[in-house]
Amino acid sequence: ESIKQAVPNLSLYTDENLPLMKLYRLESVLKSASDRRVWMKSGGYLVIEPTEALTVIDVNTGKYTGKMTPALKINLEAAHEVARQLSLRNLSGIIIVDFIDMESKEDQETLMRVLGEELSRDPVKTILVDMTRLGLVEITRKKVRRPLHEIL
């Protein structure tokens with residue numbers, strides 16, 4: 001089977017006035033994928049700090065103004081965003097996430113369950129280790145390529 005038959009709508013993009021980088025705003029997408037701070041819809045944000053030994057991710061309430069217990073709501077949103085950022089930035093090795101402190105053991109268990117579900121969607125082997133007595137969450141992710149911050 002020829003390529004034309006397999007992909008009949010494929011064509012070479014040749015517009016010299018509007019390069020693909022500008023058309024898809026790739027520069028801004030790459031910049032946001034390498035920023036230290038990642039804002040979430042709730043107004044909370046993540047701070048992502050890769051180091052040689054490990055990557056640290058700090059979850060903050062930021063501008064959150066909701067009615068639900070802020071810690072649980074922001075942490076659940078952060079669980080989704082942490083999983084997304086690990087994959088997007090191709091972060092690997094030891095990852096420590098400092099979620100917002102939660103007093104309720106039930107809330108902590110909910111967070112760990114949701115985070116485990118989010119991480120299980122990653123095609124790269126990712127293990128949710130545990131939450132330490134300090135409330136830090138330990139994750140390991142297999143290295144398959146260099147992380148985005150090293151490539152950029």
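Strands here are DSSP runs of type E with at least two residues, numbered from the N terminus. The views below all come from a predicted model.

**View 1. A hairpin takes S2 into S3.** Four residues link the two strands in this hairpin. S2 pairs with S3 (residues 55-60) in the antiparallel sense, and six bridges hold the match-up. Look for Tyr45 here: its opposite number in S3 is Asn60.

**View 2. S1 and S2 make a hairpin too.** This time five residues lie between the strands. In the turn, Gly43 shows a positive phi of about 105 degrees. S1 covers residues 37-39 and S2 covers residues 45-50; the two run antiparallel, with three bridges joining them. Follow Arg37 across to S2 and you land on its bridge partner, Val47.

**View 3. Trp39 meets Tyr45.** Searching the whole structure turns up one aromatic pair. The ring centres of Trp39 and Tyr45 are 4.8 Å apart and the planes sit at 50 degrees, so this pair counts as tilted: stacked would need planes under 30 degrees apart, and edge-to-face over 60. How exposed is each partner? Trp39 is partly exposed, at 42% relative accessibility. Tyr45 is buried, because its relative accessible area of 14% falls under the 20% cut-off.

**View 4. Arg37 visits the ring of Tyr45.** The charged end of Arg37 sits over that ring, 4.2 Å from the centre. So what else does Tyr45 pair with, ring to ring? That would be Trp39, in the tilted pair of View 3.

Terms used. Residues numbered from 1 in each chain as written. Predicted model: local features only at pLDDT ≥ 70, side-chain atom pairs only at ≥ 80, totals over all residues. Heavy atoms only, no water. Phe/Tyr/Trp six-rings, centres within 6.5 Å; stacked < 30°, edge-to-face > 60°. Buried < 20%, exposed > 50% of the residue type's maximum accessible area, 1.4 Å probe, protein only. Lys NZ or Arg CZ within 6 Å of the ring centre and 35° of its normal. Pairing = 2+ DSSP bridges.
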